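Visitor: Could you take me through one part of this structure at close range? I would like to look at the salt bridges and at the sheet around them.

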Amino acid sequence: MEISFKGKRAVVTGAGKGIGRATALALAQYGAKVTAITRTQSDLDSLVEECPSIVPVCFDLGEWEATEAALKDIGPIDLLVNNAACAKLQPFLDVTPDQFDQSFTVNVKAVLHMSQLVARGMIGRQSGGSIVNVSSQASQCALKNHTVYCESCATKAALDMLTKVMALELGPHQIRVNSVNPTVVMTEMGRRGWSNPETVKTMTSRIPLGRFAEVDEVVNTILFLLSDKSTMTNGVSLPVDGGFLAC
Ligand code: NAP
């Protein structure tokens with residue numbers, strides 16, 4: 001099966017590191033014109049060095065006005081990957097209002113805002129499009145200390161339902177919206193939460209395939225959902241979890 005994004009214009013958020021960075025590089029490799037968004041300029045510098053065709057845009061997705069300003073001149077977009085998220089592990093009883101607000105602002109509200117801005121353009125041009133939200137297995141299974149953490153139950157459960165509502169309302173405009181729901185991936189974020197070998201063993205023992213996911217396994221699923229190989233797939237939360245959620 002061959003996938004091509006030739007002639008497509010894509011935006012990837014959180015493209016400085018991990019899954020977002022690998023997604024931006026893969027989209028560019030398959031022919032898309034990619035705009036990469038993150039908040040650390042040095043990450044964008046190294047990304048552009050690695051792939052000079054990528055257009056870098058640096059701002060904090062948690063800031064509503066900065067997002068409006070940055071997207072104003074971005075041009076028509078066909079594909080959007082809402083990948084950025086923040087990560088704070090916290091026991092339920094210790095979660096503060098600030099941490100709660102920060103997590104929901106970046107992991108849910110920014111997805112709503114980015115998608116509104118991009119979808120309005122798609123609808124105006126009657127071009128259709130595809131949006132993929134990067135969620136988590138934790139949207140559907142309670143994990144200890146994950147109350148609002150980006151991997152977590154609360155923000156990612158909200159993201160899954162946002163995905164479905166977007167699919168419902170944007171579908172008539174031929175805009176498909178889906179999420180990918182990975183298990184643990186050993187990116188910078190993954191390493192922060194899963195450095196203890198005992199905790200790792202406990203989690204991998206609950207995954208039928210017996211291991212965490214690789215970055216490329218998540219990226220390939222994102223590419224599939226963005227591509228014309230999934231033209232009837234809309235509103236799904238697709239696990240990339242080795243069977244964790246099946247148990
Ligand atoms: P990562 O390595 O920490 O990369 C996240 C990227 O998002 C970074 O470039 C980060 O920039 C950027 N970002 C975060 N907040 C931002 C903001 N407010 N504005 C702009 N950019 C922002 O994370 P990852 O592991 O690749 O995770 C990517 C996605 O997969 C997330 O949605 C995460 O919840 C999901 N996921 C990850 C795992 C896992 O185990 N890794 C499992 C399931 C789901 P800075 O570094 O500058 O903050």
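Guide: Happy to. One cut-off helps before we start: a residue is called buried when its relative accessible area is under 20%, exposed when that value is over 50%, and partly exposed in between. Please keep in mind that this is a predicted model.

Let us begin with R211 and E217, whose side chains form a salt bridge with the closest N and O atoms 2.7 Å apart. E217 has a relative accessible area of 30%, so this residue counts as partly exposed. R211 is partly exposed as well, at 38%.

In total, the structure holds 5 salt bridges. As background, side chains of opposite charge can pair when their charged atoms come close.

Another of these pairs is R9 with D78, where the closest N and O atoms are 3.0 Å apart. R9 belongs to strand β1 (residues 9-13), while D78 sits in the loop between α3 (64-72) and β4 (79-82), so this salt bridge ties together parts that lie 69 residues apart in sequence. The two partners fall into separate classes of accessibility: R9 is partly exposed at 30%, whereas D78 is buried at 9%.

A further salt bridge joins E50 and R21, at 3.1 Å from N to O. Here two helices are linked, with E50 in α2 (residues 41-50) and R21 in α1 (residues 18-29), 29 residues apart. R21 has a relative accessible area of 15%, which makes it buried.

Now for the sheet, to which the strand carrying R9 belongs. The sheet is open and has 7 strands in the order β3-β2-β1-β4-β5-β6-β7, paired in parallel. At its edges stand β3 (55-58) and β7 (237-240); each has a single partner strand, so one side of each is left without a neighbour in the sheet. From one strand to the next, the twist averages 20°.

If you follow the order to the β7 edge, you come to strand β6 (residues 175-182), which runs parallel to β7 and is joined to it by 4 bridges. Within this part of the sheet, S179 stands opposite S237 in β7. Helix α5 (residues 153-170) lies across β5 (129-134), β6 and β7. The direction of α5 is at about 160° to that of β6.

Technical notes:
Residues numbered from 1 in each chain as written. Predicted model: local features only at pLDDT ≥ 70, side-chain atom pairs only at ≥ 80, totals over all residues. Heavy atoms only, no water. Pairing = 2+ DSSP bridges. Axes fitted to C-alpha atoms, helices over the stretch in contact; angles between N-to-C directions. Contact = heavy atoms within 4.5 Å. Salt bridge = Lys/Arg side-chain N within 4 Å of Asp/Glu carboxyl O. Buried < 20%, exposed > 50% of the residue type's maximum accessible area, 1.4 Å probe, protein only.
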